[in-house]
Amino acid sequence: MGKAQEQSKVMDWFIQQNRPMSVQTIMQYAKESTKSQIEKQFEQAAKKGTIQRKEFSKQAIFFPHEAVVEGSVKDMKSKVSELKSKNENLRKQKQELEKKVQALKSVATPEELQAKINHVQTQKEELLKKLESYQQKENKREYTPEEKQQMQQQHQQLTKALKNRKRIFKDCWGVMTENASDNPKKLAQTIGIEL
C-alpha cells in the first residue's frame with residue numbers, strides 16, 4: 001500500500017471514530033506509519049481546516065470538525081440506504097429463485113417420466129388384452145329366461161339354507177356357552193369362530 005493510500009486510510013478511520021485522539025492513540029491503528037509521519041499529516045490537516053487541533057498539557061489532541069463528521073455521516077446514511085435497497089432487491093430475487101427451485105423440485109425428471117410412461121403403456125396393453133378376451137364370441141354366453149329363473153331359485157334355496165344353518169349354530173352355541181365361565185365372544189375368538 002502506498003504512502004498516500006495509508007494516509008487516506010488513517011484519516012478516514014479517524015473521522016469515522018468521531019472522537020478526540022492523541023497521536024499515540026492513532027498510532028495504534030496506523031501501525032505502518034511512524035509517529036512523525038502521523039504528526040505531520042494531522043498538523044497539515046489541521047492547518048487546512050479539515051480537523052481541529054488543541055493542546056492539553058503539552059500534548060496535541062486532534063478531533064474532526066462537525067461539518068466533516070456530518071458530511072461523512074450523510075455519506076454513510078446514503079450508503080446505508082443504498083445498501084438497504086440492494087439488500088431488499090437481493091431478498092426479492094432470492095425469494096423468486098426459491099420459488100423456482102420449489103417448482104423445479106416438483107417437476108419429474110425425464111427418466112422418471114419415461115418410467116411412468118412405460119408403466120402406463122404396460123397397464124394399457126394388459127387392459128386391452130382383457131377387453132379383447134371379453135369381446136370374443138367364444139367367451140360370451142347368452143342365458144335363456146328359464147336358465148336365469150333356475151339360477152335365481154337356486155340362489156334363494158342356498159340363501160335359506162345358510163340362514164337356517166346360522167340359526168342352528170347360534171342355538172347350539174348358546175346352549176354350549178350358557179354355563180361357561182368365560183365371555184362367549186371371548187371364547188369364540190379363542191377358538192377362532194366368527195359370530
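In the predicted model, helix 3 is followed by Gly49, a residue with a positive phi near 95°. The helix that precedes this glycine comprises 14 residues, spanning positions 35-48. From the first C-alpha of helix 3 to the last, the distance reaches 20 Å, close to the 20 Å expected at 1.5 Å a residue.

The buried residues of helix 3 are Ile38, Gln41, Phe42 and Ala45. These residues lie on the same side of helix 3, because the arc they cover around the axis is only 90°. Lys40 and Lys47, in contrast, are exposed, and are carried by the face of helix 3 that is turned away from its buried side.

Aromatic contacts were examined next. A pair of aromatic rings is described by the distance of the centres and the angle of the planes. With pairing restricted to ring centres within 6.5 Å, the count comes to one aromatic pair. This pair is formed by Phe169 and Trp173, with ring centres 6.0 Å apart and planes at 20°. Planes under 30 degrees apart count as stacked, and the pair of Phe169 and Trp173 is therefore stacked.

Both residues belong to helix 6 (residues 145-176). Phe169 and Trp173 are four residues apart in this helix, so about one helical turn separates them. As to solvent exposure, Phe169 is partly exposed, with a relative accessible area of 33%, whereas Trp173 is buried, with a relative accessible area of 7%.

Key: Residues are numbered from 1 along each chain as its sequence is written. This is a predicted model: local features need pLDDT of at least 70, side-chain atom pairs count only at pLDDT 80 or more; totals for chains, interfaces and linings use all residues. Side-chain values use heavy atoms; hydrogens and water are left out. Helices (H or I, at least four residues) and strands (E, at least two) are DSSP runs, numbered from the N terminus. The expected span of a helix is 1.5 Å times one less than its number of residues. Buried means under 20% relative accessible area, exposed over 50%, partly exposed in between (1.4 Å probe, protein chains only). The arc is that of the directions from the helix axis to the C-beta atoms. Rings of Phe, Tyr and Trp (its six-membered ring) pair if their centres lie within 6.5 Å; planes under 30 degrees apart count as stacked, over 60 as edge-to-face and the rest as tilted.
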